[in-house]
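Me: Hi! I have a structure open here and would like to talk it through with you. Mind if I start throwing questions at you?

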Protein chains: 2
Amino acid sequence: MENKRPTIKDIAKIAGVSHTTVYRALNNKPRISKETRKRILGIANRLKYQPNVLARGLIIKKTKTLGLIITTIRNPFYSELAQVIEETARNLGYSLILGCTNYDLNIEREHINILKGKGVDGIIFTSAHVKDPNLEELKKEEFPFVLLNRRCTGCSELSKIPQVLIDNEMGGFLAVEHLIRIGHTRIGIIAGSEESSVTLERIEGAKKAFKHYGLFFDDSLITKGNFLMPSGKIGLKDLMDSSSPPTAIFALNDYMAIGVMEEAHNLGLRVPEDLAVVGFNNIEFASFYNVSLTTIGQKKKEMGEEATKILVNMVEGKTEKSGIKKFTPNLIIRNSCGYSLKGYKLKKI
Amino acid sequence: MENKRPTIKDIAKIAGVSHTTVYRALNNKPRISKETRKRILGIANRLKYQPNVLARGLIIKKTKTLGLIITTIRNPFYSELAQVIEETARNLGYSLILGCTNYDLNIEREHINILKGKGVDGIIFTSAHVKDPNLEELKKEEFPFVLLNRRCTGCSELSKIPQVLIDNEMGGFLAVEHLIRIGHTRIGIIAGSEESSVTLERIEGAKKAFKHYGLFFDDSLITKGNFLMPSGKIGLKDLMDSSSPPTAIFALNDYMAIGVMEEAHNLGLRVPEDLAVVGFNNIEFASFYNVSLTTIGQKKKEMGEEATKILVNMVEGKTEKSGIKKFTPNLIIRNSCGYSLKGYKLKKI
DNA sequence: CCATTTTGCGTTAACGTTAACACTACAAAA
DNA sequence: TTTTGTAGTGTTAACGTTAACGCAAAATGG
C-alpha cells in the first residue's frame with residue numbers, strides 16, 4: 001500500500017508533463033495553458049496533494065510558521081492571548097509553535113535557537129525581561145519579531161522594534177488612584193519579576209498616583225513577586241507581617257491578586273472589608289461574582305491580533321518595520337475594593 | 001554583513017574538508033578521526049552552527065515537532081495540560097505546534113493537513129468528537145497520534161490507537177454518588193457536547209450511581225452544554241425553569257460548573273445552601289476558597305507526560321504502538337456541595 | 001609478508017520544492 | 001521573407017541536509 005503523500009513529481013508523471021508545469025499549475029504561475037492547468041489541478045485534487053512545506057521552506061526561506069514565546073500558558077492572561085494569536089495567525093495562513101520559558105532567559109534562548117532552526121518566519125515575544133541579550137542578538141540579525149505587552153528599554157537598538165503594549169504606567173496610576181479615592185493611604189504593592197518592563201512601569205504609575213494625591217509613598221510597602229499566583233500569597237503575608245500593614249493591595253496582575261485574596265482568607269482578613277485588592281489584566285476569572293476582582297482591563301483581543309498582524313506584515317515585507325502601538329487601559333470596578341459597599345465612599349478630586 | 005546562518009558546507013570550507021566529514025563530526029558518526037572531529041566541532045561552536053531542520057526533515061522525514069490539537073486553550077483544563085505537554089516535549093527534544101479547533105471538525109481537519117504538510121512527527125489529540133473521520137483517515141495512513149482524554153468508540157479500527165484517559169465513568173459515578181450521599185435526589189446534569197466521548201462516559205457513570213442507590217434517573221434533568229463557561233449558565237437557567245428543578249448540579253467540567261455558580265448567583269440561589277454544585281477536572285481555580293468547587297480530580301500532569309512520551313516513543317519506533325492507559329479519578333470535596341456545612345450529613349451506604 | 005579488514009576521508013545522489021534559463025512553434029511585425 | 005516576440009513547455013540546478021558508495025592508506029591477522 002502506497003501511503004506516501006503525492007509529490008509534484010508524482011502528479012507530473014500522471015499528467016505526462018514536467019514537474020515544472022505542475023508547479024506552474026499549482027501555484028498560479030503564468031506560462032501555462034488553461035487546459036493543462038485545469039487537468040493538473042484535477043489530478044492534484046484527486047490525489048489530495050498537499051505541498052511539502054519543508055522542501056518549499058528550504059528554497060523560499062518561509063515556512064508559514066510563527067513562534068510564540070510566553071512565560072507560562074497556565075497564567076490565564078497568556079492563554080487568553082494565545083487563543084487570539086493562534087486564531088489570527090491561522091486566518092492569515094500561519095501556524096504557531098508554542099514555547100514557554102518560565103521566565104528563564106536560557107530557556108528562551110534555547111527556544112529561539114530551535115525556532116530558527118525550524119525556520120519560523122518570525123516570533124512574538126510576550127512580557128518578560130527588560131534587558132534581554134537574546135533580543136539584541138535577534139535584532140542584530142534582523143530576524144523579524146514583535147514584542148507584545150513587553151518593552152525593551154534596556155537596549156537602545158530595540159526601541160525600533162515593533163511593540164504592542166498598553167500604557168502600563170497609566171494602568172498603575174488608575175489602580176492606585178482608585179484605592180486612594182476610596183480612602184486608602186497605606187497601599188501595598190505586589191510587584192512582578194523585577195526585570196520585567198511591565199513591573200517597572202506599573203509601579204511608576206502607582207508612584208505618580210501617590211504623588212498626584214499628595215501622599216507619601218512608602219517603599220517598604222512594595223514586595224517582590226513573580227507574576228505567579230503563589231507569589232501573591234507570599235507577598236501578602238510579608239506585607240501583613242510588617243509593623244504597619246497596608247489596608248489595600250495593588251497586585252501587578254490578576255493571577256497574583258487571586259493569590260492575595262487566597263492568603264487574605266487564610267489570614268482571616270475579609271475582602272474588601274479588611275483589605276481592598278486590585279489587580280491588573282482582567283482575566284476571565286476576575287469577573288466571576290465569587291472572585292469579583294477590581295482590576296485594570298486591557299484589550300487582549302485587539303492587542304493579540306495587532307501583534308500577529310504586524311509580525312505577518314513584517315515577514316511578508318509589507319512595510320511596518322517598527323513603531324509602538326500603545327493601547328489604553330481602563331479601570332474595571334468590581335467588589336474587591338468595596339467600592340460598592342456602604343461605609344466606603346469615593347473621595348472628590 | 002553576512003547574516004546567513006552557517007551551513008555544514010560553510011564549516012567544511014573553513015575546515016578544509018568535505019561536508020560529509022563535517023556531518024560525521026557533528027552527528028557523532030564513526031569513520032572520522034578524533035582530531036578532525038574536535039577541530040570541526042570547534043569551528044561549529046565558534047560559528048554557532050545550528051542544523052537546518054527543514055533540510056534534515058526532507059531526508060529523514062522527522063522534524064522533532066509534534067502537533068497538539070485542542071478545542072480551546074482558554075479552558076484552563078487544556079492550558080494546564082498544554083503546559084505539561086510543552087514541557088515534556090521540550091525535554092524530549094520536541095517542539096509543539098498548537099492548534100485550536102473550537103470543537104469544529106473542519107478546523108481540525110485543516111489543522112491536520114497543515115501539520116502533515118509541515119512534517120510534524122506526530123499529533124496529540126485532546127477531547128472532542130467520538131466519531132471522527134479525520135482520525136480514521138490518519139489511522140489508515142498509519143500516521144502516529146495519541147488520544148488524550150478522548151476516546152474513539154465510534155470507529156472500530158481506532159481501538160488500537162494509544163489512548164491516555166481517566167476513567168470518566170468512574171468519575172461521573174463518584175460525582176453523583178457524592179451528591180446522593182449528602183442527600184440529593186434531584187440532580188441536574190450539565191452535559192458537554194454530545195459528540196464527545198467524555199460526555200457520554202461521565203453521564204453513564206452518573207446513571208450507574210443513580211441505579212446503584214436505587215434512585216430514579218430523570219432524563220429531563222440532563223441539559224446540553226458545550227464545555228464552555230456560558231453553557232453552564234444557560235444550562236442552569238434551563239434546569240431551574242422546569243416544573244421541579246434540581247437541588248444539585250453535576251457539571252461535566254469545572255469550566256461549566258463555574259458558569260453554573262455564576263448563574264446561581266444571578267438567580268439568587270446560594271451555593272451550597274440552595275444548590276449543590278460539583279464539577280470535573282479540578283482546574284486550578286476550582287481550589288480557590290472563593291470558588292471552592294467540589295470536583296473530580298485527575299492527574300493532569302501524569303496524563304500529559306504519559307501521552308507525550310507514548311507519542312515520542314511511537315515516533316521514534318520504540319514499541320508501544322497501541323494500548324490504553326487509564327488513570328483513576330478521585331473526588332475532591334470542597335464547599336460547593338455543602339458537605340462541610342452543618343445541616344448536611346453524609347448518608348451511610 | 002601478503003590478504004583482509006578497518007579507518008578516514010571524499011564523491012555523488014537523493015529529499016520535494018522553486019527558479020533560472022533554454023527551446024520550440026507559431027503569430028505578428030518589419 | 002526574415003525578424004522579433006511570446007505562449008507553452010522542458011531541463012537543470014539550486015536549497016542544506018543525509019546516506020550510499022568508493023577508494024586510498026593504515027592496521028590487523030594468520
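**Salt bridges and more**

Reply: Happy to! A network of salt bridges links A:Lys48, B:Arg109 and B:Glu137. Keep in mind that this is a predicted model.

Me: Nice. How many salt bridges are there over all chains?

Reply: Searching the whole structure gives 36 of them over all chains. Among them is the pair A:Lys131 and A:Glu136, with N to O at 3.2 Å.

Me: Are those two side chains' residues, A:Lys131 and A:Glu136, buried or exposed?

Reply: Partly exposed, in fact: A:Lys131 has a relative accessible area of 48%, and A:Glu136 has 28%.

Me: And what does A:Arg270 meet in a salt bridge?

Reply: That would be A:Asp274, at 3.0 Å from N to O. A:Arg270 is partly exposed at 49% relative accessible area, and A:Asp274 is partly exposed at 30%. Chain B has a salt bridge between B:Arg270 and B:Asp274, at 3.1 Å, and there B:Asp274 is partly exposed with 29%.

Me: Any odd backbone geometry I should look at?

Reply: Yes, a few places. As background, most peptide bonds are trans and most residues other than glycine have a negative phi. Here A:Val271 and A:Pro272 are joined by a cis peptide bond, with omega about 10°. B:Val271 and B:Pro272 are also joined by a cis peptide bond, again with omega about 10°.

Me: Where is A:Pro272 found?

Reply: In the loop of chain A that runs between helix H11 (254-266) and strand S9 (276-278). B:Pro272 lies in the loop between H11 and S9 of chain B.

Me: OK, and which residues that are not glycine have a positive phi?

Reply: Two to look at are A:Arg31, with phi of about 65°, and A:Ser292, with phi near 50°. A:Arg31 is in the loop between helix H2 (19-26) and helix H3 (34-47) of chain A, while A:Ser292 is in the loop between S9 and strand S10 (295-297) of that chain.

Me: Is A:Ser292 buried or exposed?

Reply: A:Ser292 is buried, because its relative accessible area of 8% falls under the 20% cut-off. A:Arg31, by contrast, counts as exposed at 75%.

Me: Switching topic: what goes on where the two chains' H4 helices come together?

Reply: The axes of H4 (residues 53-60) of chain A and H4 (residues 53-60) of chain B come within 8 Å and cross at roughly 145°. The crossing is left-handed. On the chain A side the contact is made by A:Leu54, A:Ala55, A:Gly57 and A:Leu58, and on the chain B side by B:Leu54, B:Ala55, B:Gly57 and B:Leu58.

Me: How do those contact residues divide by character?

Reply: Six are nonpolar, two are polar and none is charged.

Me: What about A:Glu86, is that buried or exposed?

Reply: A:Glu86 is buried, with a relative accessible area of 3%. A:Glu86 sits in helix H5 (residues 76-91) of chain A. Apart from neighbours within four places in sequence, A:Glu86 contacts A:Leu96, B:Leu98, B:Gly99, B:Cys100 and B:His111.

Me: Last one: what is the strand order in the open sheet of chain B?

Reply: The order is S7-S6-S8-S9, four strands with parallel pairing. S7 (222-223) and S9 (276-278) are at the edges with a single partner strand each, so one side of each has no neighbour in the sheet. S6 (residues 187-190) and S8 (residues 248-251) of chain B are joined by four bridges, and B:Ile187 stands opposite B:Ala248.

Technical notes: Residues are numbered from 1 along each chain as its sequence is written. Chains are lettered from A and ligands numbered from 1 in the order in which they are written. This is a predicted model: local features need pLDDT of at least 70, side-chain atom pairs count only at pLDDT 80 or more; totals for chains, interfaces and linings use all residues. Side-chain values use heavy atoms; hydrogens and water are left out. Two strands pair if DSSP finds at least two bridges between them. Buried means under 20% relative accessible area, exposed over 50%, partly exposed in between (1.4 Å probe, protein chains only). Contact means heavy atoms within 4.5 Å. A salt bridge is a side-chain nitrogen of Lys or Arg within 4 Å of a carboxyl oxygen of Asp or Glu. Axes are lines fitted to C-alpha atoms, for helices over the stretch in contact, and angles run from 0 to 180 degrees between N-to-C directions. A crossing is left-handed if the near helix is turned anticlockwise from the far one by less than a right angle, and right-handed if clockwise. Ala, Val, Leu, Ile, Met, Phe, Trp, Tyr, Cys and Pro count as nonpolar, Asp, Glu, Lys and Arg as charged, and the others, Gly among them, as polar.
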